[in-house]
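User: Could you take me through one part of this protein in close-up? I'd like to see the packing inside it.

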Amino acid sequence: MTTSLFELHKQGQSIWYDQLSRSLLDSGELDRMIREDGLRGLTSNPTIFEKAISSGQEYETQLRDLSREGRSTMEIYEALVIDDIKSAADCFRPLYEESKGTDGFVSLEVNPHLAHDTKGTIDEALRLWRTVNRPNLMMKVPATPEGIPAVRELLGQGLNVNVTLIFAVPVYEKVMEAYLAAIDARRTKGLPVNGIASVASFFVSRIDSAVDKIIEEKMPLKMGAARTELELLRGKAAIANAKTAYQVFLRVFATDSFRATGAHVQRPLWASTGTKNPRYSDVLYVDGLIGPDTVNTVPPQTYDAFRDHGRIERTLDADLEESRTVIAGLELEEISLKDVTDRLTTEGVKSFADSFDKLIASIEERRLAATRAVGAGPVR
C-alpha cells in the first residue's frame, strides 16, 4: 500500500518521526512504519525521553535491575536511552544503506546543560557517538553561539550532526557556514566527505505561537483597515520565515562548486511542526513546507493527520512574494523576528534542560525506591 508519506518522498522530502519510546520498538510499530508508511528517520530530545521513561512501564524492569546493580542515576538514564537509540538505529539501518547515507538516521541530543559549553559538547558528543557505535546515528547539537563551533569540529571529525534549535535565518546561515568549513577542512586533509550527513533543524510552529501572541496584544490598538492588515499576519510568520531560509539554502547548496565536493547537502529539517493553534490546519506545517532536499520531523498526531489527509504538492518555493509581504508586514508593525527568535532559542534550551532535569529526578526517585526494596527483602 502506498501512503501519502511515500508520495511525499517523490517530492524530494523525507518524513522523520519526532518520537521514540520502548513500546514503539517492542511492538514492531516502528518497523511497520518504515515498511508500510515510508518513514525515513527519527528524532528524539530530552522532552520526548522524559515523557516516555517517566510514564512508560516498559522501562520499569530494566530500571529496577540497574538500580539493584548499584548503577548511578546518570548511568541508568544513559542505559535506558542508549538501548532505545541503538534499537531504533538498527531498525533504520537497511534504509540507511539503501539510501547511501541520505536517510535512515536516528538523532540523539547531547546533555542540554552543555548548550553553552563548546568543549563540553564536543567531548559529550564524541563519547556518546562511540558508545552507540552506529553509522546512522546523528548527534544533536543546539545552534547556540557555543554550539556552532562544536558542530564544525564534530563534522570535521566525521560525525553526523543534527543542528537543532534554529529559529532565525542569520543563525541558519552560520550553521551552513560551519558545515561548509568542516567539509573544506576534511578535503584539505584528504579525508572523505561523502560519508558525512547533517541536517539543520529549523523550528517552525513556535514562531507563529510567539508572533500571534504579540499580534493579539496589538489588536486592541488597531481600528478599521489597520486592524484587518494586522489580522492577516496571524499564522503566517513561521512559514514565511522557513521559506526565506529555504531560499538561502538553495543559494548555498544548489551550486556547481558545492556539487564538485561530492558531499551531501546539509538539508533543512522542519522541526516543531505540530500545529499548536486549533484554529489552524492540523497539517499546516507539513502541507506548507514541501520541497526537494528537505526533511520534516513530525510528532505522532501530525504524522497520523498527514497520513490521513495530507496534500502532496510542492509548496516550499511557491508564493514567495506573499512570504516577503508577511516579513515586511511584521516589520511595519514593529514585530521584531530577531527578538522573537532570540527569545525562542533561550526558551528552547531551557525547556530541554528542564525536561532533562525532570527525567533525572524521576529516575532517581525510582532508583531509590528499588534500592530500598532490596534492603527490605525480595521484591515480588
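Here is a look at the nonpolar core, then at one helix and one glycine.

Analyst: First, a word on ground rules: this is a predicted model, where local features need pLDDT of at least 70, side-chain atom pairs count only at pLDDT 80 or more, and totals for chains, interfaces and linings use all residues. Residues are numbered from 1 along each chain as its sequence is written, and side-chain values use heavy atoms, with hydrogens and water left out.

Now the core. The largest nonpolar core (buried Ala, Val, Leu, Ile, Met, Phe, Trp, Tyr and Cys residues joined through side-chain atoms within 4.5 Å) has 122 residues. Buried here is under 20% relative accessible area, with a 1.4 Å probe and protein chains only. Leu30, Ile85, Leu108, Met139 and Val211 have the most contacts inside this core. Helix H6, residues 73–98, gives the most to it, with 13 residues; helices are DSSP runs of H or I, at least four residues, numbered from the N terminus.

Zoom in on Leu108. Leaving out residues up to four places away in sequence, Leu108 touches (heavy atoms within 4.5 Å) Ser44, Phe49, Val81, Ile85, Leu128, Val132, Leu137, Met138, Met139 and Lys140.

Next, helix H5, residues 60–68, where Gln62, Leu63, Leu66 and Ser67 are buried. Down the H5 axis these fall within an arc of 135 degrees, so they line one face of the helix; the arc is taken from the directions from the helix axis to the C-beta atoms. After H5 comes Gly70, with a positive phi near 85 degrees.

Last, Gly235 sits in the loop between helix H11 (224–231) and helix H12 (237–253). Gly235 counts as buried, at 11% relative accessibility, and touches Asp208, Asp212 and Tyr280, again not counting residues up to four places away in sequence.

Note on methods:
Buried means under 20% relative accessible area, exposed over 50%, partly exposed in between (1.4 Å probe, protein chains only). Helices (H or I, at least four residues) and strands (E, at least two) are DSSP runs, numbered from the N terminus.
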